[in-house]
Amino acid sequence: MNIKNIHIGNLIQAKVEECQISTERISRFLNRPEDEVEKMYHAKSMDTDVLLKWCKLLKFDFFRFYTGHLILYAPQARIDNEFTQKKDTLVFRKSIYTQEVKDFILDKIKMGKMTANDAVKRYKIPKTTLYKWMKKL
């Protein structure tokens, strides 16, 4: 799974095949014609409302792929005097790592594509967190 380039249609199609759900059932659930359902499998992205329906139908959180992407590839938030946090503002917590993100990083380390120190620097993961993941291998 390439977290950097997410093709949500392919991921949905793979899960549909895994769950062996008929296109007719999907069409009724989404309230869309079958040909439109087939087109969704080829879509790189889709409306969040539609994706939420897919999550409910397939009992799988497809949004986690996007969360993993944000954790790995979003720029580090600046914390200094220029930017202050307000109580009413939502703050994205980068300390939440999905299993896909953990697997992605640990696979790179295991295959020798990067060292533990490289992962700490590149993805801003605390050393203790990374070493706990590695210990569980």
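**Salt bridges in the model**

Visitor: Why is the contact between the side chains of Arg28 and Glu24 called a salt bridge?

Guide: The closest N to O distance between the side chains of Arg28 and Glu24 is 3.0 Å. A salt bridge is a side-chain nitrogen of Lys or Arg within 4 Å of a carboxyl oxygen of Asp or Glu, so the pair qualifies. This is a predicted model: local features need pLDDT of at least 70 and side-chain atom pairs pLDDT 80 or more, while totals for chains, interfaces and linings use all residues. Residues are numbered from 1 along each chain as its sequence is written, and side-chain values use heavy atoms, leaving out hydrogens and water.

Visitor: How far apart are Arg28 and Glu24 in helix 2?

Guide: Arg28 and Glu24 are four residues apart in helix 2 (residues 23-30), about one helical turn. Helices are DSSP runs of H or I with at least four residues, numbered from the N terminus.

Visitor: What makes Arg28 exposed and Glu24 partly exposed?

Guide: Exposed means over 50% relative accessible area, buried under 20%, and partly exposed in between (1.4 Å probe, protein chains only). Arg28 has 56%, so it is exposed, whereas Glu24 has 48% and is therefore partly exposed.

Visitor: Why is Lys15 called buried?

Guide: Its relative accessible area is 16%, so Lys15 falls under the 20% limit. Glu18, at 58%, is exposed. The side chains of Glu18 and Lys15 meet in a salt bridge at 3.2 Å, N to O.

Visitor: How many salt bridges does the structure hold?

Guide: The structure holds four, including one between Glu100 and Arg64, with the closest N and O atoms 3.4 Å apart. That pair links distant parts of the chain, 36 residues apart: Glu100 lies in helix 6 (residues 99-110) and Arg64 in helix 5 (residues 63-73).

Notes. Helix = DSSP H or I, 4+ residues; strand = E, 2+ residues; numbered from the N terminus.
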